[in-house]
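Let's take a relaxed walk through a protein structure. Have the sequence and the 3D view open as you read.

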Amino acid sequence: MFGASGMRPARLGRRPTSNLRSRWPDAASLLLAGVAVAALTGPVQAENISSVLIKAYRNNPSLNAQRAGTRAVDENVPIATSGYLPHVTASGDVGYQYSNAVGAGITASSGSTTSTSTSTSGTSGTSGTSTSGTSGASTGTSTSSSTSTGSAGIADTVPRGVGLQVTQTLFDGLRTTNSVRQAESNVLGSRETLRNQVQSTLQSAAQSYMDVLRDTATLELRNSNIKVLDEQLRQTQDRFKVGEVTRTDVAQAESGLAGSRADYYLAQSNLQNSIASFRQVVGEQPTRLEPAQPLTRGLPQTLAQAISVSQVEHPNVQSALHNVDVAAAQVKIAEGALLPTVSATGSVQQRYDVSNVVGSSAFVGYVGGTISVPLYEGSAPYATIRQSKENLGQARFQADVVRDQVRAAVISAWGLFESSKIVVQSDQTAVNASEIALNGVREEARVGQRTTLDVLNAQQTLLNARVALVGAQRDRVVATYAVLSSIGRLTTGILNLGIKDYDPTVHFEQVKDKWVGLRTPDGR
């Protein structure tokens, strides 16, 4: 099937074996020398893996969503610090009051009544006109009069006023202080979550990049195999016509070609899936992808070193430790509910048409303090404290769980990293051996010592070895990114991408002491 050239009739005038061999690309060169994505390539500049990682770092929607979430968590700090700030309230009211009062002191006399009253006060007068003396026995006079025509007194007033009140909490059982600490721990935890998302995005981008290269190379290998098998079928049919082979050989060649076409369409489907994943992670379609090499910078020398680094630097471990701090602060907040609360209040108020007297006014100023001591408020505060302590214990256990998970991930990634080197070497050896074997089978088939099926099998073995080599080369590169991610070092700095990192502290500094304002720092 793959070129028993010695068995071909002389009238064909060429050596088909050499033609068949020339149709095969080298598997290693397909992946390591760069492959164009057949459906997407054009006269565009090739891009390397660094440029793809930069695009993913800037454009990935999941990463951008996590950045927005981190900025939202920053606002918890000014929310918590508001407990230190005064609460200022302005008020105003206006109304209409109608009164029609009938009192026992209102009498009718010649259609009108006039009354006079005198009041005495030792220190001050509160109604009418008064004069105060030093002994408290001085007499002031107050005169009021009303006229009645035999009906009750009628008054229309518009009582109104404005006021301002300021309340300042002086002590709240340290709940505000602990709330601020809790908010700051949440901010630090969210930054670690963001750092983990960065690692995940960069690793996914690198994997998608290598998947497109691998599947493109595989598709090219499958396509070349179709060309070889098509030529093999034509040669077998020619030999069948002259009686050198049987109908069985032709059927075997046809079966091999049909199977190769099925494999080609499967490889095409896999490539489309990889392109879709690439687009999802990077935000753009792949064009011409240059070769990628395994990482060396930042990799630990031994497994023990990798584990040691991961227990300190991995963002999941750091995030779990910050969660412990959050839970510890929550215990203090809950305990603060049992402590006294001290506050001060000051207010001023200006009122008009006071006490249903048209044209009257009054100004009131007040300053006072309040202390509130909880004696018993049911079982809720005590249950909340116990619950918070259990949550703290859970957070500590969860931190241990995360450490174990990170450790297991490091061991797994390291194992794949170590084995990938050996697999590449083994697959390269298999490709070399399969090429020698195929050449030998073809030469033996020329002299009748091998059948068409033997050639087909040898050809398929070589194809499988080349596809496996392409996959092993991809796995080798991806494994280095996986190791860096597992220990917490897959960053733009380690990858030497040469771009400015997103700094979450910039937004935090912009909002942490912001007392007023509706717009976000970026103007929204």
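Here is a quick tour, from the whole chain to its inside and its surface. Keep in mind that this is a predicted model. The protein contains 12 helices and 10 strands, and 37% of its 524 residues count as buried.

**The big picture**
- Take the contacts between residues at least 6 apart in sequence: 83% of them join residues at least 24 apart.
- The protein's accessible surface adds up to about 27,900 Å², and carbon and sulfur atoms account for 53% of that.

**The nonpolar cores**
- As a rule of thumb, nonpolar side chains in soluble globular proteins tend to be buried together.
- Here, the largest nonpolar core is made of 64 residues.
- Ile49, Leu53, Leu202, Tyr209, Met210, Tyr481 and Leu495 are the ones with the most contacts inside this core.
- Several elements give two or more residues to the core, including α3 (49-59), α6 (175-241), α10 (380-446) and α11 (452-487).
- The most generous contributor is α6, with 13 residues.
- If you skip its neighbours within four places in sequence, leucine 495 is in contact with Leu53, Leu202, Leu295, Tyr481 and Leu490.
- Another core, of nine residues, lies apart from the largest one, and Ala445, Leu462, Ala465 and Leu469 are among its members.

**A closer look at α11**
- Helix α11 has 36 residues and spans 53 Å from its first C-alpha to its last, close to the expected 52 Å.
- Since 28 of those 36 residues are buried, α11 is largely enclosed by the rest of the structure.
- Just after α11 comes glycine 488, with a positive phi of about 90°.

**Buried or exposed? Two residues to find**
- Glutamine 232 sits in helix α6.
- Glutamine 232 counts as buried because its relative accessibility is 1%, and the cut-off for buried is under 20%.
- Glutamine 232 and threonine 452 are 220 residues apart in sequence, yet their C-alpha atoms are 9.4 Å apart in space.
- Leucine 375 is in the loop between β10 (361-372) and α10.
- Leucine 375 counts as exposed because its relative accessibility is 75%, and exposed means over 50%.

**A nonpolar patch on the surface**
- Leucine 375 also belongs to a nonpolar surface patch, along with Leu338, Ile371, Val373, Tyr376 and Tyr382.
- Together, the residues of this patch have about 660 Å² of accessible area.

Technical notes. Residues are numbered from 1 along each chain as its sequence is written. This is a predicted model: local features need pLDDT of at least 70, side-chain atom pairs count only at pLDDT 80 or more; totals for chains, interfaces and linings use all residues. Side-chain values use heavy atoms; hydrogens and water are left out. A nonpolar core is a set of buried Ala, Val, Leu, Ile, Met, Phe, Trp, Tyr and Cys residues joined through side-chain atoms within 4.5 Å. Buried means under 20% relative accessible area, exposed over 50%, partly exposed in between (1.4 Å probe, protein chains only). Helices (H or I, at least four residues) and strands (E, at least two) are DSSP runs, numbered from the N terminus. Contact means heavy atoms within 4.5 Å. Accessible areas come from the Shrake-Rupley method with a 1.4 Å probe; for residues, only the protein chains shown count as cover. Patches are made of residues with over 30% relative accessible area and no salt bridge: like charges are joined within 9 Å, nonpolar side chains (Val, Leu, Ile, Met, Phe, Trp, Tyr) within 5 Å. A salt bridge is a side-chain nitrogen of Lys or Arg within 4 Å of a carboxyl oxygen of Asp or Glu. The expected span of a helix is 1.5 Å times one less than its number of residues.
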